[in-house]
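User: Could you take a close look at a single part of this structure for me? I would like to start with one residue and then see what surrounds the rest of the picture.

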Amino acid sequence: MNNKPIVAIVGRPNVGKSTFVNRLLGARHSIVDDKAGVTRDRLYFDVQWMDKPFTIIDTGGIIPHDEEEIMVNIFTQAKVACEEADKIIFIVDGKEGINPIDYDIANVLRKSGKQVFLAVNKLDSPEKYINTSEFYSLSIGEPYAISALHGSGGVGDLLEELTKDFDYFQEEEEKSENIRIAIVGKPNAGKSSIVNALLNKERVIVSDVSGTTRDAIDSKVKYEGEEFILVDTAGIRKKSKVDWGIEKFAVDRAIRAIRNCDIALLVIDATQNISDQDKKIASTIIEAGKGMIIAINKWDLIENKESATINKFEKEIEKEMPFLSFVPKIFISAKTKQRLVSIYKLAKEVNKECTKRVSTSILNKVIMDAVSMNPPLSIRGKRLKLFYAAEVKIQPPTFVLFINNEDLLKDNYLKYLENKLREAFGFKGTPIKILKKEKGEKK
């Protein structure tokens, strides 16, 4: 459980909030771009200043009275962040000067009842610090002249004042035992809606605008006494359709989220046919060696459902993606919450399979029985000899076959052995890897 103090970073678009966050982190974690509204969801990061750890929330740029749907959603996200936060840093643009929107935001922040620190950003030299004077009219308090880009000015003074009453404590860094579930898929498959439905709150912006989620966003949730981490990601489009810049960074992070997760929930739109992009995303998950669940979303929109409808869909998936025969499928609706909580149960089952260890003696019996039932064909008078097998790794389960000649063990026979391992041990939802290693002379 995170008991660190929470600090929300708020302000109108393009004042440098994400740059300030990155300055605290010492790395480019938040997406930074000159376009307004680049950070759309609120993002959480753990930071430390002078041995005082705390959590910062990077929010989307606020335009309080903007009627455009996405801007209204951003404003809502920022308000929720302020409710969650213990303190607030309000960032304004010292280079551009005060803006009417700054007054509107200041009014909202005063009503929050939280302690607010005013940071006048983009002042990269002492002679420009006088530009802070006009910001006293916001009635927020003493303005701090800072340059988030260069880390100069009053950044240190601001953080020292911000953290002076934060209790000092040291946390032991331990690998999280929580199952990390990455929600992935094409744009508009309903990924953010699934996250919000599972969390029972508007944690991630949901909109019909393609590409609404740009960062991979972590949310911790507890179900039946067990904690899970849900990671909402940007929709992954075909490379040819991905614009260079912000969208490319977002897609890269979605792929990185797959590599960092325990289980990937591949969301497929039930109202659309299985696409090549669905297959490519699935292949990315398999190549990363991650556990996998296929969630067929928007099941409520399928009309005239019969008892055989699910079976029909499963056969279609099997036909289009036969390499996913071991992956469990679940038919859900983020809108009606149909079968949503079953995701947690499936994730636990798949995670158990991903971490399964097999007894060496039983493993070898299964392998040797498989070879006896269906011996490999000889190649140019040479026959494969399999000496023994061992499991050497989990997540995914990885096996090494010690053999006389690697060239004699062909892909089709490896697939046969994989199927026999699955018959014997299950491995539902997890890819398995079989490596080959020569032992002794080639014969």
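Analyst: Happy to. Gln115 is partly exposed, with a relative accessibility of 40%; this is a predicted model, so please read every value here as computed from predicted coordinates. The residue belongs to strand β5, which covers residues 115–121. Once its neighbours within four places in sequence are set aside, Gln115 is in contact with Asp86, Lys87 and Ile88. Ala85 can be placed relative to it as well: the two residues lie 30 apart in sequence, and their C-alpha atoms are 9.6 Å apart in space.

Strand β5 runs to residue 121, and Asn121 brings us to Ser147, which has Asn121 among its contacts. Beyond four places in sequence, Ser147 also touches Lys122, Leu123, Asp124, Ser152 and Val155. Ser147 sits in strand β6, residues 143–147. Its relative accessible area is 2%, so Ser147 counts as buried, while Gln115 at 40% is partly exposed. The side chain of Ser147 also makes a polar contact of 3.1 Å with the side chain of His150.

Further along the chain there is an open sheet of three strands, ordered β14-β15-β16, with mixed pairing. The edges are taken by β14 (386–393) and β16 (433–438); each has a single partner strand, so one side of each has no neighbour in the sheet. On average, neighbouring strands here are turned by 25° against each other, direction ignored. Strand β15, residues 398–403, runs parallel to β16 and is joined to it by six bridges. Within that pairing, Phe402 has Lys437 of β16 as its bridge partner. Helix α10, residues 360–373, packs on this sheet and touches β14 and β15, with its direction at about 135° to that of β14. Helix α11 (residues 411–425) lies across β14, β15 and β16, and runs at about 125° to β16.

A word on confidence to finish. The chain has a mean pLDDT of 81, with 79% of its residues at 70 or more. Two stretches call for care. Over residues 168–175 pLDDT stays under 50, and the model has seven contacts beyond four places in sequence for them. Residues 242–249 also stay under 50, with 13 such contacts in the model. Where pLDDT is low, predicted coordinates should not be read in detail.

Methods. Residues numbered from 1 in each chain as written. Predicted model: local features only at pLDDT ≥ 70, side-chain atom pairs only at ≥ 80, totals over all residues. Heavy atoms only, no water. Helix = DSSP H or I, 4+ residues; strand = E, 2+ residues; numbered from the N terminus. Buried < 20%, exposed > 50% of the residue type's maximum accessible area, 1.4 Å probe, protein only. Polar contact = N/O pair within 3.5 Å; in protein donor to acceptor, adjacent residues only side chain to side chain. Contact = heavy atoms within 4.5 Å. Pairing = 2+ DSSP bridges. Axes fitted to C-alpha atoms, helices over the stretch in contact; angles between N-to-C directions. pLDDT = per-residue confidence, 0-100.
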